[in-house]
Amino acid sequence: QVRLVESGGGLVQPGGSLRLSCEASRYIVSFAVMRWYRQAPEKAREFVASISSGGSTNYADSVKGRFTISKDNAKNTVYLQMNSLKSDDTAVYYCNTPYGDNYWGQGTQVTVSS
């Protein structure tokens, strides 16, 4: 069993920045693929970014150049740095790993509004 706990969400103005964190309860970040997804109201959950065990990254086209995924293996934590935020980025952000039973966190709300 793996527990993923997200934090760092909140209310930010357009153009602002936030950094989300996802801490895993077991030592998996160093060898498992880790992903961020998001779900806006009345929309399907969508892929945002991923990072491999070796540090290779992938991003959705909508966030390329604005968001950066990274990880700290020693802290068993994955991060999502979000810059130049737009109202369209408003969503609940979820951490995920396909390792084992495909675990999900509980989500953290990000609201971009003036």
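These questions and answers cover the fold of one chain and the setting of Thr108.

Modeller: This is a predicted model, with local features needing pLDDT of at least 70, side-chain atom pairs counting only at pLDDT 80 or more, and totals for chains, interfaces and linings using all residues. Residues are numbered from 1 along each chain as its sequence is written, and side-chain values use heavy atoms, leaving out hydrogens and water.

Colleague: How many strands are there in the chain?

Modeller: Helices (H or I, at least four residues) and strands (E, at least two) are DSSP runs, numbered from the N terminus. The helix count is zero. The strand count is 11.

Colleague: What is the radius of gyration of the chain?

Modeller: The radius is taken over C-alpha atoms, and the globule rule is 2.2 Å times the number of residues to the power 0.38. For 114 residues the rule gives 13 Å, and the chain is close to that, so it is as compact as a globular protein of that length. Its radius of gyration is 13 Å.

Colleague: Is Thr108 buried or exposed?

Modeller: Thr108 is found in strand β11, residues 108-112. Buried means under 20% relative accessible area, exposed over 50%, partly exposed in between (1.4 Å probe, protein chains only). Thr108 has 10% relative accessibility, so it counts as buried.

Colleague: Which residue has its backbone nitrogen 3.2 Å from a polar atom of the Thr108 side chain?

Modeller: Contact means heavy atoms within 4.5 Å. Not counting residues up to four places away in sequence, Thr108 touches several residues, including Leu20, Val92 and Tyr93. The backbone nitrogen at 3.2 Å belongs to Gly9.

How values were computed:
A polar contact is a pair of N or O atoms within 3.5 Å; within protein, one must be able to donate a hydrogen and the other to accept it, and residues adjacent in sequence count only if both atoms are side-chain atoms.
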